[in-house]
Amino acid sequence: MTPDERYITLRELQSRIREVLEGQFALPLWVSAEISEIKVNRSGHCYLELVEKGGDNGVPTAQARAVIWKSHYPRIAGYFEAETGQRLAEGIRILAKVLVSYHEIYGFSLQITDIDPSYTLGDMERQRQQTITQLQQEGVWEMNHEVPMPAVVQRVAIVSSAGAAGYQDFLKELERSPYRFELTLFEAYMQGAAAEESIVEALCTIAADPERFDAVVMIRGGGSRSDLNCFNAYRLCSHIAQFPLPVVTGIGHDKDTSVADMVAHTALKTPTAVAGWLVERMGTVEGWLDAAALQLHDGVLRLARAQQLRLEEFAGSVRHLAQALLRQRGVELAARDEAFRNTAAIFLRQQRQRIESLGEVVASRSPKEILRMGFAVVRTEGHAVTSARGVRTGQSLTIEVADGQFTAEAK
């Protein structure tokens, strides 16, 4: 074997590969893959990067470049958008009719000649059903439904895009209402490849301080089915289902209901409908308060009337009892007065008799009575003589007896 027979050139190798591939895959094939990159250049050609992902980590297990020539792109893209309601974009799984080609310089690539939109719709529905099944198996499907909704929903955390038309419609509807709401926006992407992660991040921020809010409102305007496909994603829906606050959705679906709507506490069609629901709920609470105030007023009047009747009955009873008591006390006083009079009369008679007896004693002991009994009163110099030692011999004495007096001389 000569040295020239021991090797082949690179170009020859590439040519052999091209011959084998183009010979093996001479006819078009239908291939399923996910679009990881897509770009339409100025010439009108559409260049794509297709991948096949494996496992839960989403790491690509196969990758290939593809192109839709400008002669096919308007027809393929237009039909796909008309059937699915979305444009060809990153993250979408497609079923593409391809021609296998190989170039000595540019390598392996696929030429897309057609795309089946029904496959993309079917894949989206498959992912949707898979999310539903997984959440139900995990037992979290009804969790947010069971979170109590406050009677007054006034402090609202909003997950939306600040520039979205749906968010502006929501604000305008609330501004027209007579009620005041405390609104806090947690801005997030509401469509596209970054939407799921962005919304989950906003929900995590709210969940870090749940005491600040009464409920969470998740809103965006209408969009195509694929634009809203992130609301069927398992991770986002799992966060909504297990969220500690009640979640109200107004995602803007015209026909289909997303899994996010299903697991949220309350699902409404549009952001405007969510605003109307909040206003209507406040109106209901206001009606309850008015009715309660009226019932309280009527209750107070009824209670006042009942108490007035009770007071009147009590006053009548008091007057009756007072009159009876006065009559009783009058009878008792009259009896006591009579007893007192009788006792006083007896006492007075007894005292009169005693006085009379004492008077007789006093009268019997009077000087005149004593003098009648033979006694005499001897005086000298005007003073009664009570002792013989006080009388001098020859002293003149005046002697008083019952019927008069006479003088004598002391011996």
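In this predicted model, V159 makes a good starting point for a walk through the interior. Leaving out residues up to four places away in sequence, V159 touches F186, A188, M190, I199, A202, L203, I206, V216, V217, M218 and I219. V159 is also listed among the residues with the most contacts inside the largest nonpolar core, together with I199, L203, I206, V216, F231 and I240. That core has 33 residues. At least two of its residues come from each of α3, β6 (155-160), α5 (195-207), β8 (215-219), α6 and α7. The largest share, six residues, is supplied by α5. A second core, separate from this one, has 23 residues, and L48, A64, A77 and I92 are included in it. As general background, nonpolar side chains tend to be buried together in soluble globular proteins.

Helix α3, one of the contributors to the largest core, runs over residues 117-137. Its 21 residues span 31 Å from the first C-alpha to the last, close to the 30 Å expected at 1.5 Å a residue. Which residues of α3 are buried? They are P117, T120, L121, D123, M124, R128, T131, I132 and L135, so the list can be read straight off against the definition of under 20% relative accessible area. These buried residues pack against a varied set of partners, namely α2 (73-84), β4 (93-103), β5, α6 (234-241) and α7 (259-263). After the helix comes G139, which has a positive phi near 75°.

Strand β5 (residues 107-116), one of the elements that the buried residues of α3 pack against, pairs with β3 in the parallel sense over three bridges. On its other listed pairing, β3 (residues 59-68) joins β2 (residues 46-54) in the antiparallel sense, here over nine bridges. V67 helps to tie the two pairings together: Y47 stands opposite V67 in β3, and the bridge partner of V67 in β5 is Q111. Both senses of pairing are familiar, since strands of a sheet pair through backbone hydrogen bonds, either parallel or antiparallel.

The loop between α4 (165-175) and β7 (182-187) holds S177. S177 is buried, with a relative accessible area of 12%. Its side chain reaches back to the backbone oxygen of L174 at 2.7 Å.

Further along the chain, an open sheet is built from four strands in the order β12-β11-β13-β14, with antiparallel pairing. The edge strands, each pairing on one side only, are β12 (383-384) and β14 (404-409). Strand β11 (residues 377-380) runs antiparallel to β12 and is joined to it by two bridges. In one of the pairs, R379 has A384 in β12 as its bridge partner.

Strand β11 also contains T380. Is T380 buried or exposed? T380 is buried, with a relative accessible area of 9%. Its side chain takes part in a polar contact of 2.6 Å with the side chain of Q395, and also reaches the backbone oxygen of S396 at 3.5 Å. Setting aside neighbours within four places in sequence, the contacts of T380 are with V385, Q395, S396 and L397.

P367 offers a contrasting environment. This proline lies in helix α9 (residues 367-372) and is exposed, with a relative accessible area of 58%. P367 and V377 are separated by 10 residues in sequence and by 9.1 Å in space, C-alpha to C-alpha.

Stepping back to the whole chain, nine helices and 14 strands are found. The radius of gyration is 62 Å, well over the 22 Å that the globule rule gives for 411 residues, so the chain is more spread out than a compact globule. Along the principal axes, the C-alpha atoms fill a box of roughly 215 × 55 × 40 Å. Of the 411 residues, 31% count as buried. Among contacts with a separation of 6 or more, 62% are between residues 24 or more positions apart.

Definitions and conventions: Residues are numbered from 1 along each chain as its sequence is written. This is a predicted model: local features need pLDDT of at least 70, side-chain atom pairs count only at pLDDT 80 or more; totals for chains, interfaces and linings use all residues. Side-chain values use heavy atoms; hydrogens and water are left out. Two strands pair if DSSP finds at least two bridges between them. The expected span of a helix is 1.5 Å times one less than its number of residues. Buried means under 20% relative accessible area, exposed over 50%, partly exposed in between (1.4 Å probe, protein chains only). Contact means heavy atoms within 4.5 Å. A nonpolar core is a set of buried Ala, Val, Leu, Ile, Met, Phe, Trp, Tyr and Cys residues joined through side-chain atoms within 4.5 Å. A polar contact is a pair of N or O atoms within 3.5 Å; within protein, one must be able to donate a hydrogen and the other to accept it, and residues adjacent in sequence count only if both atoms are side-chain atoms. The radius of gyration is taken over C-alpha atoms; the globule rule is 2.2 Å times the number of residues to the power 0.38.
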